[in-house]
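The following paragraphs lead through one protein chain, from single side chains to the overall fold. Please keep the sequence and the coordinates at hand while reading.

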Amino acid sequence: MAKADENKNYKVIAENRRARFDYFIESDLEVGIVLTGSEVKSLRTGQSNIAESYASVEDGELWLVNGHIAALTNAGVFGHEERRKRKLLVSKRELSRLWQAIGREGMTLVPLVMYFNHRGLVKLKIGVAKGKKVADKRETSAKRDWNRQKQRLLKQG
């Protein structure tokens, strides 16, 4: 009962469903994001997309690149640019760990899900990921199909 009260403000804004298909996610991390007022209002209506975005470390800071947050129609002169770079908030220790991780061959930072946490703050979960090859993707889809078929067989039998 207390669990439901605790997460009453939790709401998923945008999810990158393709990330787990295209990448091996080795670890993930919850980070904050610096937004303007019109961006937060636009997110409350659910108008965003992180499927084509990525995170990068530049000048000792972590940035979300190519994340789309739709422009608010009634924001007037206080509107925002839809695909601007947005600063991600992370501790120095975590930033150095991420920097070392992407320094290895084939590693990248992929946004997995953007959501409002239980306090109503916008958070972004990013994953340290390694790209899959075509054979790995086929294997993943074959496993998923087999698990579906196995569930059907168990349900019938």
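Is Y10 buried, partly exposed or exposed? With a relative accessible area of 43%, Y10 is partly exposed, because the partly exposed class covers values between 20% and 50%. This value, like the others in this text, is computed from a predicted model.

Y10 also takes part in an aromatic interaction. A search of the whole structure finds one aromatic pair. Its members are Y10 and Y115, with ring centres 5.2 Å apart and planes at 40° to each other, a tilted arrangement. Y10 belongs to the loop between α1 (2-6) and β1, while Y115 belongs to strand β8 (residues 107-116), so the pair ties together parts that are 105 residues apart in sequence. The two partners are set in their surroundings as follows: Y10 is partly exposed, whereas Y115 is buried, at 5% relative accessibility.

Before further detail is read, the confidence of the prediction deserves attention. The mean pLDDT of the protein chain is 86, and 93% of the residues score at least 70. Among the elements, β7 has the highest mean pLDDT, 94, and α1 the lowest, 53. Where pLDDT is low, the predicted coordinates should not be read in detail.The overall architecture comes next. The protein chain has five helices and nine strands, and from the N terminus on these elements follow the order α-β-α-β-α-β-β-β-β-β-α-β-β-α. The C-alpha trace spans about 60 × 40 × 30 Å along its principal axes. Of the 157 residues in the chain, 34% are buried. Contacts that link distant parts of the sequence are also counted: among contacts between residues at least 6 apart in sequence, 69% join residues at least 24 apart.

Strand β7 (residues 86-89) illustrates how strands are placed in this fold. In a regular strand the side chains alternate between the two faces of the sheet. In β7, R86 and L88 point to one face and are buried, while K87 and L89 point to the other face and are not buried. Two strands pair with β7. Strand β2 (residues 23-33) runs antiparallel to β7 and is joined to it by two bridges, with G32 opposite L89. Strand β5 (residues 61-65) is likewise antiparallel to β7, through three bridges, and here L64 stands opposite R86.

L88 of β7 leads on to the interior. The largest nonpolar core holds 25 residues, and those that touch the most other members are L43, L62, L88, M114, V122 and L124. Two or more residues each come from β1, β2, β4 (54-58), β5, α4 (92-103), β8 and β9 (122-131). Which residues surround V122, leaving aside its neighbours within four places in sequence? V122 is in contact with I13, G32, I33, L35, L43, M114, Y115 and F116. This list includes G32, the residue opposite L89 in β7, and Y115, a member of the aromatic pair.

V57, in strand β4, offers a second view of the interior. V57 is buried, with a relative accessible area of 15%, because buried means under 20%. Apart from neighbours within four places in sequence, V57 is in contact with L62, L95, W99, I102 and L109. The C-alpha atoms of V57 and S96 are 9.5 Å apart in space, although 39 residues separate them in sequence.

Loops can be considered in the same way. N16 lies in the loop between β1 (11-15) and α2 (19-22). Is N16 buried or exposed? N16 is buried, with a relative accessible area of 6%. Not counting residues up to four places away in sequence, N16 touches I50, A51, V110, P111 and L112. G120 lies in another loop, between β8 and β9, and touches N9 and R44, again leaving out residues up to four places away in sequence. The C-alpha atoms of G120 and V134 are separated by 39 Å, with their positions 14 residues apart along the chain.

Lysine side chains also lie over aromatic rings. K85 lies over the face of W63, at 5.0 Å from the ring centre. K132 lies over the face of F24, at 5.1 Å from the ring centre.

Technical notes. Residues numbered from 1 in each chain as written. Predicted model: local features only at pLDDT ≥ 70, side-chain atom pairs only at ≥ 80, totals over all residues. Heavy atoms only, no water. Buried < 20%, exposed > 50% of the residue type's maximum accessible area, 1.4 Å probe, protein only. Helix = DSSP H or I, 4+ residues; strand = E, 2+ residues; numbered from the N terminus. Pairing = 2+ DSSP bridges. Contact = heavy atoms within 4.5 Å. Phe/Tyr/Trp six-rings, centres within 6.5 Å; stacked < 30°, edge-to-face > 60°. Lys NZ or Arg CZ within 6 Å of the ring centre and 35° of its normal. Core = buried A, V, L, I, M, F, W, Y, C linked by side-chain atoms within 4.5 Å. pLDDT = per-residue confidence, 0-100.
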